[in-house]
Amino acid sequence: MQPEIISSSNISFEEYRNQILRDFKIACISRECSLLGRREVLTGKSKFGIFGGGKELPQLAMARVFRNGDFRSGYYRDQTFMMAIDQYTIEHFFAGLYAHTDINKEPFAAGRQMGGHFATHSLNEDGSWKNLTEQKNSSSDISPTAGQMPRLLGLAQASKVYRNEKSVSEFTNFSTKGNEVAWGTIGNASTSEGLFWETVNAGAVLQVPMVISIWDDEYGISVHAKHQTAKEDISLILEGFKRDENHEGYEIIKVNGWDYPALIDAYETADELAREKHIPVIIHVKELTQPQGHSTSGSHERYKSEERLNWEREHDCNKKFKEWIIEHNIATAEEIIDIEKASKKEVRQGKNSAWNAYLSEIKSEQNEALSLLKAVEEKSANKNFISPIVNALSSKEDPIRKDILEATRKALRYITKEDFAEKSTLQKWITNYFNTIQPKYSDHLYNEFDSKVTNISEVKAQYDDNAPLVDGRIIIRDNFEQLFNRVPEALIFGEDSGKIGDVNQGLEGLQEKFGEIRISDTGIREATIIGQGIGMAMRGLRPIAEIQYLDYIMYCIQGLSDDLATLRYRTFAKQKAPLIVRTRGHRLEGIWHSGSQMGGLVHLLRGMHILVPRNMTKAAGFYNTLMDSDEPAVIVECLNGYRLKEKMPNNLAETRTPIGVVETIKEGTDITLVSYGSTLRLVEQAAKELLSVGINAEVIDVQSLIPFDLNHDIVKSVAKTNRLLIIDEDVPGGATGYILHKLIDEQNVYQHLDSKPQTLSAQPHRPAFGTDGDYFSKPSSEDIFEKAYAIMTEADPENYPELR
């Protein structure tokens, strides 16, 4: 149904006419969906709505040049475009509005995102890749403004890699010789965000095939462009990025959003430049409108003048399109009216169909619950209290699942001391209901297919009798070399990663061996480094994005948290981006490059694995394990470990560090000491010193914060020692608080404890500069010794009298 590219010069007038009228009908349907969707929100059938009214015409033009294999990275105004490429129906629109949890009814997010967040399915039912060159693709939208821009860069860069890198020439399921374009869309107000400017700069440097469309209606919610953009004209201030005969840059096109033939011409020009020559393009689409205001939260009449409102009514793109069609004798006024009437009817029918599909399942659940409640009502001595609950649930004409569970769970409170079969049936039904319904809202945060990373078995490092001692950087470097030989689609990039082989020489010499595409430098721009990784990972490559130091991860935490970590979850496992983020941290002196953000990461990055190897051999094993799976992760290498000596394994490429598994590195009987990363060396030292006073500590390396100790080995250790101390260099309550929560709330370690479980973290401030600054800011081996000793003092003061 979707045509490729129209041009009045190469098709008959009848074909040309049919294509235009098809576009007009899509515009009418999209607009009617927006209008009726607003009413559904205002009548209480949906919580919130945000629609694409007023942006229909340029999206139709963009759809005309969008081909199989291309990717969209846009935002919630793009409903007309998705309809025009046949990836969005009226029923989908309303299913999203109602948050229908059936992925077949609401194919973008199974109700997990509010309507207007679009995605296509990149994965088969078993989690394997589809052939992305045989379909039109949309990366899953996120709400944070401009958050789609960094990912756009990576989606476009993948085409450049596929076109120019011989090692991936056989990956034909993902690219046809790099001829795909990444199409980005953004509102004019959101171009004020730093993510937009960072992406624009990086796109100009990299010269990748991306086309950025800026939908300009002069407002950002209620705030006029004069408060948003210098000179009130985004394309004017982007002029410095424009290419010329001496400089690479962007082709910048300015076009009015109500001018159909000009829009077609603009997008055909952009398509040719980006697809054939990999020249990035910015299309500034001006004079658009937003006829219902920003969202269902309020009316635009509150902040727009009557003059502006009149202008918007006259320049509404659908109205101008209709006038153009009639003026050019493509259709009569009567034919246009017929199309409008038919569109309204289709939308009403689609809405009713979507509502009935959504409600019928919940109605069935409501009836089940009522049947059980009525049976309990008849048997209970507290019938007078249960009857109002039954009546309230029965009166719900449009129930939601919350209503059902509120009623059934509250009814249980009145029969706690009663015993009859109907009570047991209700109890079991509630448990089964939770087990059935909860996954609709909670599953697929991580990979649940057979390919999941926790299914990969450990392969331990093996050593020759005369294994050489080498710097840790040699371990990681040699492993990367073997990894890049083994995995042709792997590539790594970051600040100083290319020519000099990273600041710690962990990639030394690899650019010469594998080329500048696979081992590459980037600018100082962490947000788009992550965006490059996300986009390329979504297109079948295996990127490793290097963030030079752990504290620099704060620059890109939004993309990691809102985009990468939620991708599998928010698409109901229909998209994935197996990006590995390489960084380094811990145990350096001074406020910068030495803080520990682990507590923040474990809370903000649920959906990713957080791995904290204690040395480079363990880190190498993590890279190997992750490359065998398809899940995103952050690996924090020990910043002070690159020059420390390690034995060189004879099976380095085969090593696999297990994810979610701790390692006991010293057995003991008196107390369990738990730590990770660089701090573990201090724990080991303290454990040796504790032996001198008769305390035999067991030392456990967490290795993996997310997932955490899946085999509950720490609890098994505490069952033997009955005491627990968790040590790290994060702020108090950070990662140690997270570990303690896991052990107490989820693994019930308390039942084995004879002493209060304790934590030892750094001071609540960033580390001060210098060796003394480090000593007084972070736990030292003396701190660890004294803390463990104090726990033993409390338990046995006679044998362990107070130190001070």
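Let me start with the contacts of Gly 668: in this predicted model, and leaving aside its neighbours within four places in sequence, Gly 668 is in contact with Asn 696, Ala 697, Glu 698, Lys 720 and Thr 721. The residue sits in the loop that joins β17, residues 663-666, to β18, residues 671-675, and with a relative accessible area of 3% Gly 668 is buried. If you look for Ile 695 on the screen, you will find that Gly 668 and Ile 695 are 27 residues apart in sequence, while their C-alpha atoms are 8.5 Å apart in space.

Set beside that another glycine, Gly 733, which is found in the loop between β21, residues 724-727, and α24, residues 735-746. Gly 733 is exposed, its relative accessible area being 57%. From the C-alpha atom of Gly 733 to that of Thr 332, which is 401 residues away along the chain, the separation is 71 Å.

I turn now to the helix pairs. Two packed helices are described by the angle between their axes and by the distance between those axes, and I will take three pairs in that way.

The pair I begin with is α1, residues 13-42, and α2, residues 56-65, whose axes come within 10 Å and cross at roughly 130°. How do α1 and α2 stand to each other? An angle over 145 degrees would count as roughly antiparallel and one of 65 to 115 as roughly perpendicular, with the rest oblique, and α1 and α2 are therefore oblique to each other. The crossing in which α1 passes α2 is right-handed. On the α1 side we have Gln 19, Ile 20, Asp 23, Ile 26, Ala 27, Ser 30 and Arg 31, and these meet Glu 56, Leu 60 and Arg 64 in α2. Sorted by class, this contact of α1 with α2 has 4 nonpolar, 2 polar and 4 charged residues.

The next pair is α11, residues 333-379, with α14, residues 421-442; here the axes come within 9 Å and cross at roughly 160°, which makes α11 roughly antiparallel to α14. The crossing of α11 past α14 is left-handed. From α11 the contact draws on Glu 361, Glu 365, Glu 368, Ala 369, Leu 372, Leu 373, Ala 375, Val 376 and Lys 379, and from α14 on Glu 422, Lys 423, Thr 425, Leu 426, Trp 429, Tyr 433, Ile 437 and Lys 440. By class, the contact of α11 with α14 has 9 nonpolar, 1 polar and 7 charged residues.

The remaining pair brings together α6, residues 194-206, and α17, residues 526-537, which pack at an angle of about 65° with their axes 9 Å apart; α6 and α17 are therefore roughly perpendicular to each other. Their crossing is right-handed. The residues that make the contact are Leu 195, Glu 198, Thr 199, Ala 202 and Leu 206 of α6, together with Glu 526, Ala 527, Thr 528 and Gln 532 of α17, and they divide into 4 nonpolar, 3 polar and 2 charged.

Let me stay with helices for a moment and look at α9. Which residues of α9, residues 306-315, are buried? They are Arg 308, Leu 309, Glu 312 and His 315. Seen down the axis of α9, these buried residues fall within an arc of 140°, so they line one face of the helix. On the other side of α9, Glu 306 and Glu 307 are exposed. As for what the buried face meets, the buried residues of α9 pack against β5, residues 219-220, and α10, residues 317-327.

I would like to finish with the backbone, and with the loop between β20, residues 704-706, and α23, residues 713-721, where Pro 707 is found. The peptide bond from Ile 706 to Pro 707 is cis, with omega near -5°. The loop between β20 and α23 also holds His 712, whose phi is near 60°, a positive value in a residue other than glycine; at 34% relative accessibility, His 712 counts as partly exposed.

Elsewhere, Ala 146 has a positive phi of about 70°, although it is not a glycine. Ala 146 lies in the loop between β2, residues 137-138, and α5, residues 148-164. Is Ala 146 buried or exposed? With a relative accessible area of 1%, Ala 146 is buried.

Methods. Residues numbered from 1 in each chain as written. Predicted model: local features only at pLDDT ≥ 70, side-chain atom pairs only at ≥ 80, totals over all residues. Heavy atoms only, no water. Buried < 20%, exposed > 50% of the residue type's maximum accessible area, 1.4 Å probe, protein only. Helix = DSSP H or I, 4+ residues; strand = E, 2+ residues; numbered from the N terminus. Arc of directions from axis to C-beta. Contact = heavy atoms within 4.5 Å. Axes fitted to C-alpha atoms, helices over the stretch in contact; angles between N-to-C directions. Parallel < 35°, antiparallel > 145°, perpendicular 65-115°, else oblique. Left-handed = near helix turned anticlockwise from the far one by under 90°. Nonpolar A, V, L, I, M, F, W, Y, C, P; charged D, E, K, R; others polar.
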